[in-house]
Amino acid sequence: MPSTTQAGARRRPAALLATAALLAVGVGGCGPSDTPPSATASPSASANVATGVVGIRDPWVKAADKGMTAAFGTLVNDGETDVTITGASTEVSPMELHEMTMKDGKMVMQVKPGGIVVKAKSTHALEPGGDHLMLMDVKRPVQPGDELTFTLTFADSRTQTFTAVAKPFTGAQESYAPDHGASPTPGMSMSPAS
């Protein structure tokens with residue numbers, strides 16, 4: 001009988017390996033094979049890109065205790081046609097779409113005429129010193145780490161909501177164009193209030 005016991009002992013590891021291999025194949029084949037990569041993205045990755053009319057990568061807001069501040073990020077248009085953002089809103093402040101432009105040899109901030117156009121199959125940066133979403137008069141302090149919800153309005157009346165995290169930022173000391181309709185106190189800049 002010793003020869004039968006040794007042969008049985010040799011067959012068990014092979015049988016166990018074969019069973020383990022079948023289980024691994026079976027478990028791996030349980031999910032749908034056509035699941036898009038975005039459906040399996042981690043929560044932190046999906047938090048950076050809003051879905052809707054446009055994608056929004058790395059959205060953030062400049063922290064500020066009072067006055068004005070701005071929201072930034074990269075707008076992504078994967079569609080076949082250009083889209084135009086005509087407005088933005090948040091419960092924290094009235095908002096305007098802004099750009100930086102040269103006036104009298106100086107860079108100034110002003111309302112962006114015609115809105116912000118995101119060309120088809122391209123991106124458009126919202127950044128300090130460039131186009132941005134301007135919060136005109138924050139009703140409460142926007143502290144680093146706060147999450148603010150924004151709603152974009154498009155030329156075709158569609159809307160899209162996204163969330164942005166507040167970060168400290170001291171660059172881009174812009175000033176307003178002298179003829180800006182909702183001009184704040186003269187000399188006011190985008191630097192965070194202390």
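1. Two strands pair if DSSP finds at least two bridges between them, and the strands themselves are DSSP runs of E with at least two residues, while helices are runs of H or I with at least four, both numbered from the N terminus. With that in hand, the hairpin of S1 and S2 is a good place to start: it has 6 residues between its strands, and Gly 67 takes a positive phi near 75° there. Strand S1 covers residues 55-62 and runs antiparallel to S2, with 5 bridges joining the two. One of the partnerships to look for is Gly 55 with Val 76 in S2.

2. A word on what you are looking at: this is a predicted model, in which local features need pLDDT of at least 70 and side-chain atom pairs count only at pLDDT 80 or more, whereas totals for chains, interfaces and linings use all residues. Residues are numbered from 1 along each chain as its sequence is written, and side-chain values use heavy atoms, with hydrogens and water left out.

3. Now for the overall plan. The chain has 2 helices and 11 strands, and both helices come before the strands when you read along the sequence. Among contacts (heavy atoms within 4.5 Å) with a separation of 6 or more, 64% are between residues 24 or more positions apart.

4. What share of the 194 residues is buried? Buried residues (under 20% relative accessible area; exposed is over 50% and partly exposed lies in between, with a 1.4 Å probe and protein chains only) make up 34% of the chain. The accessible surface, from the Shrake-Rupley method with a 1.4 Å probe and, for residues, only the protein chains shown as cover, comes to about 11,300 Å². Carbon and sulfur atoms contribute 57% of that surface.

5. Do spend a moment on strand S2, residues 69-77, where 8 of the 9 residues are buried. Besides S1, strand S2 pairs with S8 in the antiparallel sense over 3 bridges, and Thr 69 has Leu 135 as its bridge partner in S8. S2 also pairs antiparallel with S7, through 5 bridges; in that pairing Leu 75 stands opposite His 124.

6. Which residues does Val 92 touch, leaving aside those up to four places away in sequence? They are Asp 137, Val 138, Lys 139, Arg 140, Val 142 and Leu 148. Val 92 sits in the loop between strand S3 (83-89) and strand S4 (95-103), and is buried at 4% relative accessible area. Asp 137 is 45 residues away from Val 92 in sequence, yet their C-alpha atoms are 8.2 Å apart.

7. The model holds 6 salt bridges, each being a side-chain nitrogen of Lys or Arg within 4 Å of a carboxyl oxygen of Asp or Glu. One of them joins Asp 131 to Lys 112, with the closest N and O atoms 3.4 Å apart. Asp 131 lies in the loop between strands S7 (122-126) and S8 (132-135), and Lys 112 in the loop between S5 (106-111) and S6 (116-118), so this pair ties together parts 19 residues apart in sequence. Both Asp 131 and Lys 112 are buried, and a network of salt bridges links them with Glu 99.

8. Two other salt bridges involve partly exposed residues. Asp 146 meets Arg 140 at 3.7 Å, N to O; the relative accessibility is 22% for Asp 146 and 38% for Arg 140. Asp 156 and Arg 158 have their closest N and O atoms 2.6 Å apart, with relative accessible areas of 45% for Asp 156 and 41% for Arg 158.
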